[in-house]
Amino acid sequence: MHEFRVQVGPAAFRIGSAWRAPIDQLAHLYRDYPQPDFTDFTVRLEPTTWLRRWLRPSVAIGGDYMLPDAAPLPLAQGLLAAEMAMNLQMALGWRRHLLLHASAVERDGRVLVMTGQSGSGKSTLSALLGSEGWRFLGDEFVLLDPVTGNVVPFPRLISLKNEAIAAMQSAQPDARFGPLLAGTPKGDIRHVVPPADAIAQMGQGGAPALLLFPRYGYPGAVREVAPGETFMRLTQASTNYVALGEAGFITLTRFVKSVPSRAIDYQSGDEAIALVEKLWERLA
Amino acid sequence: MSRDAMLLVDALRDPATTRGLDAQGWTELLSMARAEQLVGTLAERLKIESVPPKVAEILAEARINADYQHRSALWEADCARRALAGYGGKVVLLKGTAYVASGLKAGEGRSIGDLDILVARDDLSQVEEALLDSGWEWVKPDPYDDAYYRDHMHELPPLIHKERDRMIDVHHTILPLTARRRPDAVAMLGRSKPLPFRGGVGAGPVSVAQGLTSPTPDPSPEGEGRLHTLAPTDMVCHSAAHLFADGDLAGGLRNLWDIHCLLSEFSTPDFWPSLGERANLHQLSEPVERAVRLAHQLYGTQIPQEWAGWDRQDKWYVARLTARDGWGRPTRQFIRLIFYIRSHWLRMPLLMLARHLWVKWRKG
Amino acid sequence: MANPKTLYQAEPADARIVEPLDMMTLIYQRRSGITHMVGEPVPQMLEAMGEDAVDAATLAARLAVSFDLGGQDDAVTLITERLEELAELGLVERVTDA
């Protein structure tokens, strides 16, 4: 097994791979991250059968926590397989924070959280805001601390899809990009390393101040979301709400009662950023 | 990377063996424990040890998860109790849920999935109907699978609750009807004991374990309306049958840990002879004896002299049970394969297996 | 099933956390770990039941002290229906069938 270890926010991963290439890509992209001794999760990239190590190599996604029906990926998409496996460990195994499928950025110690279905643009928006004076905290999972109620950063590689790739390349031409992974189950994917401040300050969280439900591709609009609806949508966006039991209930009700929330529709990144700034000024 | 799951076995048997572990050793131990569904048990065992802070965080997480699984399992059992309130016969909890509901050591930190219950074979349709009335539905609407379960297995086809998304397996005996051995399910039901509380709302005697408890005094001393668990000897017999009969010894280290805990907790001078008798009655002497030997060998279970000894085959079982590396990967594929084939032999005659696989393949 | 003589008993108040949230109320049930989203009059019913085993008519009488229930008979029917739903959820238990 070729091996790489990386610390992302509070979580440390050990990634083992039967092939060298995905490990080299990870080492290159995560080179500014700490490399821990102790790890929380093990991820394995293995051939589906022994023959598949050489012949049309096919990567099975394994690790401490697995889905029985996770489809294998071609070796060219090994980096994606590793990232998916790391996400899976968090989704199925992490119990130290309430985990929301959401993105987050911070300014002045206060945090903007964005959640929505995939395609809502929450990931791209967080990446764009990360180069517009905000600190990027994460584009996939938001971790809420059950004790303080604060958002704990989890700034793994940003995963850009399809048209977001070009948008990001023009917004941050100097950023470090991974290889273009064409024709994945989710279309074209390209990873980009978060800005330096996101990595350097990844141990430092902040209090949530505004929750947005963005929706891409609709004429610009803002709608208030009632706490009951917010609560329900966030339970659906959480992979460990039920498992955390009472701590999950208390953390989520505290969040819902203290953080204003809005649904926003937008048709371009610039429009969204302007909306966000306006709402932030008024509500946060 | 020459380690195998003896690392995990050692840590469970004697938590002090973890004191010498470095970061790499801990990482490997935790990966094995997760792969064997034993990380919650390990967390319980290591409660008294001082472990590195990073490890303590992972073990705390494992306890949160075990609490969650126990809460859900007991709740699901209570839902079944309420659904079957109108059924007069005994409803016996099996496996993990039974251990937790009875407050047994085997339940501490144990992972629990589906709810397994045992009822009298003649009452199956009544029980089935009551569950279907209370929101459970069939998982597989496939008529072939359905017929297969009903004709050859020891349980109804699995039911799932449409709102809670939890499975229940309703058994009428503890091994498939096709298996060579025929445990006496009627005798098991006959000796099963009501849990010491009625179930239902409120907190009661074992609220620490979030048990099935009630503040209301039980009006029926015979245990009417209460869930039951197997008598200690039968519990061991079932656990041993489950260890060897279910699958290719998958989850074997956990099932063997159950047996270690049960034996340690039930062990009295009277217990052992009656375990022997009971195993004989259920045609389970060989698996029970082997389970006792393996528990002693791997987990250091205290057993009487006459149960000790060693069978030539036992070393293969040990090799199979510990076939896992520091990445959490299954190893010793050849031994695994032998057990896989063996396990199907145990479960059903070959022709029936061939027919079963053929129907499965054709359907793709 | 919905026999008006049936007695129901709620869990003690500390078995749940009640959190009002605008139009609805969240009830976290400690024993099951399930979060229920309920509307009126469920929280009021649970509160009025306390820890006693009560039938629907008794509960209706208790609620009538604080709320205008309209026709008493209608109220008993409606309350019986709600109690049966709560029993299905496991928030109250049918204690005896008289």
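1. B:G252 is a buried residue, because its relative accessibility is 2% and the cut-off for buried is under 20%. The model discussed here is a predicted one. B:G252 belongs to helix 10 of chain B, which covers residues 252-266. Apart from neighbours within four places in sequence, B:G252 is in contact with B:L243 and B:L321. The C-alpha atom of B:G252 also lies 8.9 Å from that of B:T322, a residue 70 positions away along the chain.

2. A second buried position in chain B is B:T97, with a relative accessible area of 2%. B:T97 sits in helix 5 of chain B, residues 95-101. Once neighbours within four places in sequence are set aside, the contacts of B:T97 are B:A73, B:L74, B:A77, B:I112, B:D114 and B:L115.

3. Chain A as a whole can be described as follows. Chain A contains nine helices and 16 strands. Of its 284 residues, 58% are buried. Among contacts in chain A with a separation of 6 or more, 68% are between residues 24 or more positions apart. The exposed area of chain A is about 11,100 Å², and 53% of that area comes from carbon and sulfur atoms.

4. How many residues does each chain bring to the contact between chain A and chain B? Chain A brings 26 residues and chain B brings 21 residues. The size of an interface is often given as the accessible area lost when the parts come together. Between chain A and chain B the buried area is about 2,100 Å², with 51% of it from carbon and sulfur atoms. On the chain A side, A:R14, A:F38 and A:R95 supply 31% of the area that chain A buries against chain B, more than any other three residues.

5. The polar side of this interface can be counted as well. There are four salt bridges between chain A and chain B, and 14 residue pairs in polar contact, both residues being at pLDDT 80 or more. A salt bridge joins the side chains of A:R96 and B:E57, at 3.0 Å from N to O.

6. Which elements of chain A supply at least two residues each to the side that touches chain B? They are strand 1 (2-8), strand 2 (11-17), strand 3 (41-47) and helix 7 (241-244). Strand 3 of chain A gives the largest share, five residues. By type, the residues on the side of chain A that touches chain B are 11 nonpolar, five polar and 10 charged.

7. Over all chains, the count is 44 salt bridges. Within chain A, A:R215 and A:D265 form a salt bridge, with their closest N and O atoms 3.0 Å apart. A:R215 is in strand 14 (residues 207-216) and A:D265 is in strand 16 (residues 261-266) of chain A, so this pair ties together parts that are 50 residues apart in sequence. The two partners are covered to unlike degrees: A:R215 is partly exposed at 39% relative accessibility, whereas A:D265 is buried at 12% relative accessible area.

8. Chain B has a salt bridge inside a helix. The side chains of B:R82 and B:D78 meet at 3.6 Å, N to O. Both residues lie in helix 4 (residues 53-83) of chain B, four residues apart, which is about one turn of the helix. An α-helix has 3.6 residues a turn, so residues three or four places apart point the same way. B:R82 is buried at 17% relative accessibility, and B:D78 is buried at 0% relative accessible area.

9. In chain C, the side chains of C:E11 and C:R31 form a salt bridge of 3.4 Å, N to O. C:E11 is in the loop between strand 1 (7-10) and strand 2 (16-21) of chain C, and C:R31 is in the loop between strand 3 (24-29) and strand 4 (34-38), so the pair ties together parts 20 residues apart in sequence. C:E11 and C:R31 are both buried. A network of salt bridges links B:D78, B:R81, B:R82, C:E11, C:R31 and C:E93.

10. Helix 1 of chain C, residues 42-49, is mostly covered, with six of its eight residues buried. Those buried residues are C:V42, C:P43, C:Q44, C:M45, C:L46 and C:M49. Just after this helix, C:G50 takes a positive phi of about 55°.

Conventions
Residues are numbered from 1 along each chain as its sequence is written. Chains are lettered from A and ligands numbered from 1 in the order in which they are written. Side-chain values use heavy atoms; hydrogens and water are left out. Buried means under 20% relative accessible area, exposed over 50%, partly exposed in between (1.4 Å probe, protein chains only). Contact means heavy atoms within 4.5 Å. Accessible areas come from the Shrake-Rupley method with a 1.4 Å probe; for residues, only the protein chains shown count as cover. Buried area is the accessible area (1.4 Å probe) that two parts lose on being put together, summed over both. A polar contact is a pair of N or O atoms within 3.5 Å; within protein, one must be able to donate a hydrogen and the other to accept it, and residues adjacent in sequence count only if both atoms are side-chain atoms. Ala, Val, Leu, Ile, Met, Phe, Trp, Tyr, Cys and Pro count as nonpolar, Asp, Glu, Lys and Arg as charged, and the others, Gly among them, as polar.
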